[in-house]
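Thanks for coming. I will spend a few minutes on one model and the spaces in it.

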Amino acid sequence: MSGIPAALASIRARIAEACARSGRDPGDVRVLAVTKTHPSAAVREAIAAGVDAIGENRVQEAALKRPEVTESIPWHLVGPLQRNKARRALELFDVIQSVDRLALADRLEALASPTDLTVPVFVEVNVGDEPQKSGVSVDQAPALVEAILTSCPHLALRGLMTIPPYDPDPQRSRPHYIRLRELAGHLVRDFALPPLELSMGMSEDFEVAVEEGAAWVRLGRVLLGERRNQA
Ligand SMILES: *Cc1c(COP(=O)(O)O)cnc(C)c1O
């Protein structure tokens, strides 16, 4: 075994070890293959290897690749979404992981309601309070969640997503992942929600994220190799 299947086998083994350390069931951790910059052939290889879903961060890139991928698998948008691309995003993606403001949620609601579809969404939280990063602040997250619950009946809140501040030491991500888990706990309690899934952990720190409760790890380089140069 080599290439993507071998990489995925090694990732699943590392997830299982992180689960053993933290008393979790590996069946509760899903692998989202973040395929940005990689060709659709690599997307199909990842699907054949058995990843749980495909993630892209740009609407235009997904528009080029998704028609070439005939396999049935959920596609998640993990990058920032402009309101004027929301319609296209809903055509291309099954899950939107980057809802970070009410204007965007309202736009998705307006697009979804005439079709009577329900769009699964994650609220993206800027756990590190980094000014340049997308995501709602931890402080503002409850108000955004409440607004979605009350005014967006065609959005189904599935969980919270975060990208922590970059740090080469994976242990430095841990407090951010704990913060996201605790926020989810408060939201579930305050709004009487079913459990929220946590989308957290990337190539460098996914084991830490699993130890802290990730339901989705979003993996690019560790699964597919270095990103290709973008044209
Ligand atoms: C690119 C990307 C990833 C994957 O990053 P790697 O470090 O290559 O695993 C995960 N999440 C988001 C939002 C991304 O844009």
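I will take the ligand, then the pocket around it, then a second pocket.

First, a caution: this is a predicted model.

Let us start with the ligand. Which residues are around it? The list is V34, K36, V78, I163, M202, S203, R218, L219, G220, R221 and R227. Sorted by class, this shell has five nonpolar, two polar and four charged residues.

Three of those names come up again when we look at polar atoms. The side chain of K36 has an N or O atom 2.6 Å from an oxygen atom of the ligand. For R218, a side-chain N or O atom is 2.9 Å from a nitrogen atom of the ligand. With G220 the partner is in the backbone: a polar atom there lies 2.8 Å from a ligand oxygen.

How much of the ligand does the protein bury? On its own the ligand would expose 390 Å², and the protein buries 94% of that.

Now the space itself. The ligand takes up the largest pocket. The volume of this pocket is about 550 Å³. Its lining counts 26 residues, and those closest to the centre are K36, I163, M202, R218 and R227. You have heard these five already, since each of them is also among the residues around the ligand. By class, the lining of the largest pocket comes to eleven nonpolar, six polar and nine charged residues.

On to the second largest pocket, which holds about 260 Å³ of space. Here 14 residues form the lining, and L90, E91, T115, L117 and V119 are the closest to the centre. Which elements supply at least two residues each to this lining? They are α4, residues 86-92, α5, residues 102-112, and β5, residues 119-125. The largest share is from α4, with four residues. The classes in this second lining are eight nonpolar, two polar and four charged.

To recap, the ligand occupies the largest pocket, with K36 and R218 offering side-chain atoms to it and G220 a backbone atom. In the second largest pocket, α4 gives the largest share of the lining. That is all from me.

Note on methods. Residues are numbered from 1 along each chain as its sequence is written. This is a predicted model: local features need pLDDT of at least 70, side-chain atom pairs count only at pLDDT 80 or more; totals for chains, interfaces and linings use all residues. Side-chain values use heavy atoms; hydrogens and water are left out. A residue is near a molecule or strand if one of its heavy atoms lies within 4 Å of it. A polar contact is a pair of N or O atoms within 3.5 Å; within protein, one must be able to donate a hydrogen and the other to accept it, and residues adjacent in sequence count only if both atoms are side-chain atoms. Accessible areas come from the Shrake-Rupley method with a 1.4 Å probe; for residues, only the protein chains shown count as cover. On a 1 Å grid over the protein atoms alone, a cavity is a set of points where a 1.4 Å probe fits but cannot get out, and a pocket is an open set with protein on both sides within 12 Å along at least five of seven lines; lining residues have an atom within 4 Å of a point. A molecule sits in a cavity or pocket if more than half of its atoms lie within 2 Å of its grid points. Ala, Val, Leu, Ile, Met, Phe, Trp, Tyr, Cys and Pro count as nonpolar, Asp, Glu, Lys and Arg as charged, and the others, Gly among them, as polar. Grid points are joined across faces, edges and corners, and a volume is the space filled by probe spheres set on the points.
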